[in-house]
Amino acid sequence: MRCPPNSMNPLHQPDKIPMIEHELQLIPTIEAILLASPQPISVKQLYELFTEQALKPGSVEQALTELKSDCQGRGIEFNEDASGRHYQ
């Protein structure tokens, strides 16, 4: 993703996410987006990043559920609040 100069938010004006060949690639892609973002990201914002994709309805939510379960027992927390999802 390219950021505008002096941008505090790497998702301020994102380029479109390259085509994902298989939905299993969606999970690590979303994980990378969440880890790179300095602020929480909503489900709506995640879908907007994938506008060029033909994602099945609910696929982002399913990926987020997988990411949350993957964090159990690890040194990183996956948090959901009113502003969105993020790692802590």
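**Exercise 1. Surroundings of Asn79**

Leaving aside its neighbours within four places in sequence, which residues is Asn79 in contact with? Place Asn79 in the secondary structure and classify its accessibility as well.

Solution. The model is predicted.
- Step 1: Asn79 belongs to strand E1, which covers residues 78-81.
- Step 2: The relative accessibility of Asn79 is 19%. Buried means under 20%, so Asn79 counts as buried.
- Step 3: With neighbours within four places in sequence left aside, the contacts of Asn79 are Gly84, Arg85, His86 and Gln88. Strand E2 spans 84-87.

**Exercise 2. Overall layout**

How many helices and strands are there in the protein, and in which order do the elements run from the N terminus on? Describe burial, contacts and surface for the whole chain.

Solution.
- Step 1: The protein has three helices and two strands.
- Step 2: Read from the N terminus, the order of elements is α-α-α-β-β.
- Step 3: Of the 88 residues in the protein, 30% are buried.
- Step 4: Take the contacts between residues at least 6 apart in sequence; 52% of these join residues at least 24 apart.
- Step 5: The exposed surface is about 5900 Å², and carbon and sulfur atoms supply 51% of it.

**Exercise 3. Salt bridges**

Where are the salt bridges that a search of the whole structure finds, and which residues do they join into one network?

Solution.
- Step 1: The search of the whole structure gives two salt bridges.
- Step 2: One of them pairs the side chains of Glu80 and Lys68, at 3.2 Å from N to O. Glu80 sits in strand E1 and Lys68 in helix H3 (residues 59-70), so this pair ties together parts that are 12 residues apart in sequence.
- Step 3: Glu80 also forms a salt bridge with Arg85, at 3.3 Å from N to O. Salt bridges that share partners thus link Lys68, Glu80 and Arg85 into one network.
- Step 4: For accessibility, Glu80 is partly exposed at 42%. Lys68, with a relative accessible area of 40%, is partly exposed. Arg85 is partly exposed too, with 21%.
- Background: side chains of opposite charge can pair when their charged atoms come close.

**Exercise 4. Geometry and faces of H3**

What span should the 12 residues of H3 have at 1.5 Å a residue, and how far apart are its end C-alpha atoms? Then assign the buried and exposed residues of H3 to its faces.

Solution.
- Step 1: The expected span is 1.5 Å times one less than the number of residues. For the 12 residues of H3 this comes to 16 Å, and the end C-alpha atoms are 16 Å apart, which agrees.
- Step 2: The buried residues in H3 are Ser59, Val60, Ala63, Leu64 and Leu67. Viewed down the axis of H3, they fall within an arc of 140 degrees, so they line one face of the helix.
- Step 3: Exposed residues Gln62 and Thr65 are carried by the face of H3 turned away from its buried side.
- Step 4: The buried residues of H3 pack against helix H1 (26-36), helix H2 (43-49), E1 and strand E2 (84-87).
- Background: an α-helix has 3.6 residues a turn, so residues three or four places apart point the same way.

**Exercise 5. H1, Leu64 and the core**

Which residues of H1 are buried, and which members of the largest nonpolar core touch the most other members? Locate Leu64 within this arrangement.

Solution.
- Step 1: In H1 the buried residues are Leu26, Ile30, Ile33 and Leu34. Down the axis of H1, they fall within an arc of 95 degrees, so they line one face of the helix.
- Step 2: The cover over the buried residues of H1 includes H2, H3, E1 and E2.
- Step 3: The largest nonpolar core has 16 residues, and those touching the most other members are Ile30, Leu34, Leu46, Leu64, Leu67 and Phe78. H1, H2 and H3 are the elements that give two or more residues to this core.
- Step 4: Leu64 is part of helix H3, and its 4% relative accessibility counts as buried.
- Step 5: Beyond its neighbours within four places in sequence, Leu64 contacts Ile30, Leu34, Val43, Leu46, Phe78 and Arg85.
- Step 6: Leu64 and Leu26 lie 38 residues apart in sequence, with 9.7 Å between their C-alpha atoms.

**Exercise 6. A loop residue**

Where does Gln39 lie, and what distance separates its C-alpha atom from that of Ser83?

Solution.
- Step 1: Gln39 is in the loop between H1 and H2.
- Step 2: With a relative accessible area of 39%, Gln39 is partly exposed.
- Step 3: Gln39 and Ser83 are 44 residues apart along the chain, and 8.6 Å separates their C-alpha atoms.

Notes. Residues numbered from 1 in each chain as written. Predicted model: local features only at pLDDT ≥ 70, side-chain atom pairs only at ≥ 80, totals over all residues. Heavy atoms only, no water. Helix = DSSP H or I, 4+ residues; strand = E, 2+ residues; numbered from the N terminus. Buried < 20%, exposed > 50% of the residue type's maximum accessible area, 1.4 Å probe, protein only. Contact = heavy atoms within 4.5 Å. Salt bridge = Lys/Arg side-chain N within 4 Å of Asp/Glu carboxyl O. Arc of directions from axis to C-beta. Core = buried A, V, L, I, M, F, W, Y, C linked by side-chain atoms within 4.5 Å. Areas by Shrake-Rupley, 256 points an atom, 1.4 Å probe, with all protein chains shown as cover.
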